[in-house]
Amino acid sequence: MKIPVTLNDTKIVLEAEPGDKLLNVLRRQNLLSVKCGCSKGHCGACTVLLDGKPVPSCIVPVALSRDSKITTLEYFSKSEEYQDILSGFKKAGITMCGFCNAGKVFSAWHILSTSMKPDRKMICEEVQHLSLCCTNTDILINGILYAFDFKVHRMGAQKNAKN
């Protein structure tokens with residue numbers, strides 16, 4: 001089956017069976033940031049952005065991605081938003097182990113892109129499903145709060161540069 005998508009801002013046609021999981025199809029595209037963890041949609045290792053929402057690609061049939069925009073960590077890591085998140089994580093002492101990066105980063109991005117000012121309770125609710133193998137929830141919450149501060153600083157600097 002041919003499945004047209006926009007993958008990392010490039011329009012392509014994926015070749016797959018309708019029931020193939022998005023995770024497996026993306027791995028066949030050599031997108032290795034999409035990891036196979038629990039295969040139940042709980043751990044976050046396979047997280048991608050599907051039309052701007054973090055989803056566990058291990059439970060999404062590829063056919064549901066038809067005409068969608070898919071963003072993987074390989075592509076997202078080139079953005080300013082990623083740099084804000086990475087800076088916040090570094091300040092909090094979060095290690096990027098390589099396994100659960102996508103879940104942490106895309107959860108942080110979703111929080112930062114949908115909240116005017118995130119608070120600890122809201123962040124905790126958003127990240128409680130993640131299986132964090134290299135940090136704990138409190139440190140991740142701190143990292144996201146720091147990332148928010150970096151984002152606000154960057155946006156203010158960009159606004160001032162335009163004036």
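The legends below describe an overall view and several close-ups of one predicted protein model.

In this predicted model, local features need pLDDT of at least 70 and side-chain atom pairs count only at pLDDT 80 or more, while totals for chains, interfaces and linings use all residues. Residues are numbered from 1 along each chain as its sequence is written, and side-chain values use heavy atoms, with hydrogens and water left out.

**Figure 1. Overall fold of the protein, with six helices and five strands.**
Along the sequence, the elements run β-β-α-β-β-β-α-α-α-α-α. The radius of gyration is 16 Å, close to the 15 Å that the globule rule gives for 163 residues, so the protein is as compact as a globular protein of that length. Helices (H or I, at least four residues) and strands (E, at least two) are DSSP runs, numbered from the N terminus. The radius of gyration is taken over C-alpha atoms, and the globule rule is 2.2 Å times the number of residues to the power 0.38. Along the principal axes, the C-alpha atoms fill a box of roughly 45 × 40 × 25 Å.

**Figure 2. Surface, burial and charge of the whole protein.**
Of the 163 residues, 42% are buried. Buried means under 20% relative accessible area, exposed over 50%, and partly exposed in between (1.4 Å probe, protein chains only). The accessible surface comes to about 8,700 Å². Carbon and sulfur atoms hold 53% of that surface. Areas come from the Shrake-Rupley method with a 1.4 Å probe; for residues, only the protein chains shown count as cover. Among contacts between residues at least 6 apart in sequence, 58% join residues at least 24 apart. Contact means heavy atoms within 4.5 Å. The protein has 21 positive and 15 negative charges, and their mean positions are 2 Å apart. Lys and Arg count as positive and Asp and Glu as negative; His and the chain ends are not counted. Each charge is placed at NZ of Lys, CZ of Arg, CG of Asp or CD of Glu.

**Figure 3. Close-up of cysteine 43 and cysteine 38.**
The sulfur of cysteine 43 has its closest cysteine sulfur in cysteine 38, at 3.9 Å, too far for a bond. A disulfide is a pair of cysteine sulfur atoms within 2.5 Å. By this rule, the count is zero disulfides. Cysteine 43 counts as buried because its relative accessibility is 8%. Cysteine 100 is also a buried residue, at 2% relative accessibility.

**Figure 4. Close-up of threonine 71 in strand β5.**
Strand β5 covers residues 69-71. Threonine 71 has 11% relative accessibility, so this residue counts as buried. Beyond its neighbours within four places in sequence, threonine 71 contacts Asn8, Val48, Leu49, Phe76 and Phe106.

**Figure 5. Close-up of phenylalanine 76 in helix α2.**
Helix α2 spans residues 73-76. Phenylalanine 76 is buried, at 6% relative accessible area. Not counting residues up to four places away in sequence, phenylalanine 76 touches Thr71, Glu81, Tyr82, Ile85, Val105, Phe106 and Trp109. Phenylalanine 76 and valine 105 are 29 residues apart in sequence, with their C-alpha atoms 9.4 Å apart.

**Figure 6. Close-up of two loop residues with positive phi, serine 39 and aspartate 51.**
Most residues other than glycine have a negative phi. Serine 39 is not a glycine, yet its phi is positive, about 60°. Serine 39 sits in the loop between α1 (22-28) and β3 (47-50). Its relative accessible area is 42%, so serine 39 is partly exposed. Aspartate 51, also not a glycine, has a positive phi of about 55°. Aspartate 51 belongs to the loop between β3 and β4 (53-56). At 48% relative accessibility, aspartate 51 is partly exposed.

**Figure 7. Close-up of leucine 32 in the loop between α1 and β3.**
Leucine 32 is partly exposed, at 43% relative accessibility. With neighbours within four places in sequence set aside, leucine 32 contacts Arg27 and Glu74. Leucine 32 and glutamate 74 lie 42 residues apart in sequence; C-alpha to C-alpha, they are 8.1 Å apart.

**Figure 8. Close-up of methionine 122 in helix α5.**
Helix α5 covers residues 120-127. Methionine 122 counts as partly exposed, at 23% relative accessibility. Not counting residues up to four places away in sequence, methionine 122 touches Ile111 and Ser115. Isoleucine 141 is 19 residues from methionine 122 along the chain, and their C-alpha atoms are separated by 9.5 Å.
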